[in-house]
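Visitor: I am new to this structure and would like a close look at a single part of it, namely the hollow spaces. Please take me through them slowly.

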Amino acid sequence: MDYQEYEQVRSQVMGRGFVIAIDGPSGSGKSSVSRQVAAVLDMGYLDTGAMYRSVAWWCQYKNVDFSDESAIVACVKDVEIKVNAVPHAPRFFVGGMDVKDVIRQPSISNIVSSVSTIPAVREVLISAQRAIIEEAKASGRGIVVEGRDITTVVAPDAAVRILLTASEEVRLQRRSLDDWGSQGPDAIEASRDIVLGRDEKDMTVANFADAAPGVERIDSSDLSLHETVDAVVYTIGRKV
């Protein structure tokens, strides 16, 4: 897509408070793609996975026993979470601390499913996510929301719902490059449990492997980041 085509889609969504819901497994590119789509369309942006990472970090910071679900739930319910839901400078504040960078550590990837699969925790964060979405809708700006259960649970009535996926091999290569700065065999193997293990655990509470009825599926396996953004923006323009 060229600049004029992007501008055409931006004019279609401008001031209408649309919600764009994007789900996908680890390494599918949903965070990078969603953030760029939000930027080019001048919409808000919410990474719901980062919210789960944030509370997982908080529980770790507070030395909560990760085998004690009730302690995890109490810890999450007790902390204030603030989100700066914009694509150019997304920030996540937990207990007044900016955790944008620390939540991306592999150590957090290893524990986040222990928090995100607890129904009571999901209830707290889904409520917070919906409040952010409603604020974006009311402002007229709208928002691109990405995660694992956005198209089916958090925002099933979104104007556009997309499942972004990619092959296992590609997803492992992407995540190993992000986490370890390499796509070599050792880096890929180090990412395997983090990527596939987390997907397996999270699949117990959200189906992000199959597109639900009405959800558009985009496979980014053979697409560059720019091409995937093009595909998503094109889909939005076609659906709205």
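Guide: A word on classes comes before the spaces themselves: Ala, Val, Leu, Ile, Met, Phe, Trp, Tyr, Cys and Pro count as nonpolar, Asp, Glu, Lys and Arg count as charged, and the others, with Gly among them, count as polar. Please also keep in mind that this is a predicted model.

With those classes in hand, we can begin with the enclosed space, for the structure holds one cavity of 30 Å³ or more, and the volume of the largest cavity is about 30 Å³. Its lining is made up of Asp 23, Thr 151, Thr 152, Leu 163, Asn 207, Phe 208, Asp 210, Ala 211, Ala 212 and Val 215. Sorted by class, that lining of the largest cavity comes to five nonpolar, three polar and two charged residues.

Turning to the open spaces, the largest pocket contains about 880 Å³ of space, and among the 42 residues lining this pocket, Ser 31, Ser 32, Asp 47, Arg 104 and Arg 175 are the closest to its centre. Many parts of the chain take part here, since at least two lining residues each are supplied by elements including helix 2 (30–41), strand 2 (44–47), helix 3 (48–61), helix 5 (106–116) and helix 8 (168–180). The lining of the largest pocket divides into 17 charged, 14 polar and eleven nonpolar residues.

Helix 5, one of those contributors, also has a buried side to its account, for Ile 108, Ser 109, Ile 111, Val 112, Ser 113, Val 115 and Ser 116 are buried there. The cover over these buried residues of helix 5 includes helix 3, helix 4 (69–78), helix 6 and helix 9.

Helix 6 leads us on to the second largest pocket, where it gives the most to the lining, with five residues; strand 3 (81–84) and helix 6 (119–139) each supply at least two residues of that lining. The space in the second largest pocket is about 230 Å³, and of the 13 residues that line it, Ala 85, Ile 132, Glu 135, Ala 136 and Ile 143 lie nearest its centre. By class, the lining of the second largest pocket has seven nonpolar, four polar and two charged residues.

Definitions and conventions
Residues are numbered from 1 along each chain as its sequence is written. This is a predicted model: local features need pLDDT of at least 70, side-chain atom pairs count only at pLDDT 80 or more; totals for chains, interfaces and linings use all residues. Side-chain values use heavy atoms; hydrogens and water are left out. On a 1 Å grid over the protein atoms alone, a cavity is a set of points where a 1.4 Å probe fits but cannot get out, and a pocket is an open set with protein on both sides within 12 Å along at least five of seven lines; lining residues have an atom within 4 Å of a point. Grid points are joined across faces, edges and corners, and a volume is the space filled by probe spheres set on the points. Helices (H or I, at least four residues) and strands (E, at least two) are DSSP runs, numbered from the N terminus. Buried means under 20% relative accessible area, exposed over 50%, partly exposed in between (1.4 Å probe, protein chains only). Contact means heavy atoms within 4.5 Å.
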